[in-house]
Amino acid sequence: KMEAKQAEAPPELLNVAKYLRSTSHLKTRQGILNGKRVEYFKGKTAIKALQKDSYKKLKNVPKITNEAEASRVLSEVMTHAFYLRVERSGGESGARNRPLSVTTTQQWSDDQYYAWFYEGSQLMNYLGGLGLIGIVFAAVLFPLWPPILRDIVCITPPNLIDNKKLNNDILSDIIDIDESNNTNNASENSKHIDKTTENIKLINVPI
């Protein structure tokens, strides 16, 4: 099995595979292999990736100073089935999701293509998935949160409140209430107006 061969890889070769599996270091393309979508790359891009400064800063990896050494290391990594040589068929040049097939001859060559059979470290994927589930779960249970927590989430920061606008809104609400309760009785109108005036004074809004 692929996993068994990968588990037998020396630590330094495993570190090379982990480094290359990061899309920030190695440009990959997408293809279809046995009905499944996979990522694959060209040999030249892998050689260039192993000559970058980011690789030179790694510890416990084979030392590489030229293309020949990079090719040798990549060939050794391939023997542990982290990736296998494939052929492309059909589709135009540059097309996405082109059909792939594993070749019978598994030899390293910088002008050939190689499909990944190694997923790399899944720790960040797991953490990201758990974080997303936690956010969704918290949103669903929002009505069950303690009142104080709901208030903290929903409250508007004081510095974002326009005091003048707030006072105007209060004044408008008071007037609306007064008009809704208005009757044809002149004495009742007077009482409502007096009450409105008192409320306006309490909130320090100029009449």
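## Packing around helix α2 and the α5–β3 loop

At 11% relative accessibility, Gln-6 counts as buried. This residue belongs to helix α1, which covers residues 2–7, in what is a predicted model. Beyond the residues up to four places away in sequence, Gln-6 touches His-80, Ala-81, Phe-82, Phe-117 and Tyr-118. Two of these partners, His-80 and Ala-81, are taken up again below, after an outline of the chain.

### The chain as a whole

The protein chain is made of 9 helices and 5 strands, and read from the N terminus these elements follow the order α-α-β-β-α-α-α-β-β-β-α-α-α-α. Of its 207 residues, 25% are buried. The chain exposes about 14,400 Å², and carbon and sulfur atoms supply 55% of that area. When contacts between residues at least 6 apart in sequence are considered, 63% of them join residues at least 24 apart.

### Helix α2 and its cover

Helix α2 spans residues 11–21 and packs against helix α5, residues 67–78, at an angle of about 100 degrees, with the two axes 10 Å apart. The angle makes α2 roughly perpendicular to α5. From the side of α2, the residues in this contact are Leu-13, Val-16, Ala-17 and Leu-20, and they meet Val-73, Leu-74, Glu-76 and Val-77 of α5. By class, the residues of this contact comprise 7 nonpolar, no polar and 1 charged.

Within α2, the buried residues are Leu-13, Val-16, Ala-17, Tyr-19, Leu-20 and Arg-21. An α-helix has 3.6 residues a turn, so residues three or four places apart point the same way. The cover over the buried residues of α2 includes the helices α3 (43–49), α4 and α5, together with the strands β2 (36–42) and β5 (113–116).

### The loop between α5 and β3

His-80 sits in the loop between α5 and β3, the latter being residues 83–88, and it is buried, with a relative accessible area of 15%. Apart from neighbours within four places in sequence, His-80 is in contact with Met-2, Lys-5, Gln-6, Glu-8, Ala-9, Pro-10 and Leu-13. With Lys-5 there is a polar approach as well, since a polar atom of the His-80 side chain lies 3.3 Å from the backbone oxygen of Lys-5.

The loop between α5 and β3 also holds Ala-81, which is buried, with a relative accessible area of 4%. Its phi is positive, about 65 degrees, although Ala-81 is not a glycine. Most residues other than glycine have a negative phi. A second case is Asn-34, a residue other than glycine with a positive phi near 55 degrees, found in the loop between β1 (29–33) and β2. In burial the two residues stand apart: Asn-34 counts as exposed at 72% relative accessibility, whereas Ala-81 is buried.

### Tyr-55, Lys-52 and His-25

Tyr-55 lies in helix α4, residues 53–56, and at 2% relative accessibility it counts as buried. Setting aside neighbours within four places in sequence, Tyr-55 is in contact with Val-16, Tyr-19, Ala-49, Leu-50, Val-61, Pro-62 and Ile-64. Val-16 and Tyr-19 are among the buried residues of α2. A polar atom of the Tyr-55 side chain is 2.6 Å from the backbone oxygen of Pro-62.

Lys-52 is placed in the loop between α3 and α4 and counts as partly exposed, at 35% relative accessibility. With neighbours within four places in sequence left aside, its contacts are Tyr-19, Ser-24 and His-25. A polar atom of the Lys-52 side chain lies 3.2 Å from the backbone oxygen of His-25. The C-alpha atoms of Lys-52 and His-25 are separated by 8.5 Å, with the two positions 27 residues apart in sequence numbering. For Tyr-55 and His-25, which are 30 residues apart in sequence, the C-alpha distance is 8.9 Å.

The side-chain approaches to backbone oxygens described above are collected here.

| Side chain | Backbone oxygen | Distance |
|---|---|---|
| His-80 | Lys-5 | 3.3 Å |
| Tyr-55 | Pro-62 | 2.6 Å |
| Lys-52 | His-25 | 3.2 Å |

Conventions. Residues are numbered from 1 along each chain as its sequence is written. This is a predicted model: local features need pLDDT of at least 70, side-chain atom pairs count only at pLDDT 80 or more; totals for chains, interfaces and linings use all residues. Side-chain values use heavy atoms; hydrogens and water are left out. Helices (H or I, at least four residues) and strands (E, at least two) are DSSP runs, numbered from the N terminus. Buried means under 20% relative accessible area, exposed over 50%, partly exposed in between (1.4 Å probe, protein chains only). Contact means heavy atoms within 4.5 Å. Accessible areas come from the Shrake-Rupley method with a 1.4 Å probe; for residues, only the protein chains shown count as cover. Axes are lines fitted to C-alpha atoms, for helices over the stretch in contact, and angles run from 0 to 180 degrees between N-to-C directions. Angles under 35 degrees count as roughly parallel, over 145 as roughly antiparallel, 65 to 115 as roughly perpendicular and the rest as oblique. Ala, Val, Leu, Ile, Met, Phe, Trp, Tyr, Cys and Pro count as nonpolar, Asp, Glu, Lys and Arg as charged, and the others, Gly among them, as polar. A polar contact is a pair of N or O atoms within 3.5 Å; within protein, one must be able to donate a hydrogen and the other to accept it, and residues adjacent in sequence count only if both atoms are side-chain atoms.
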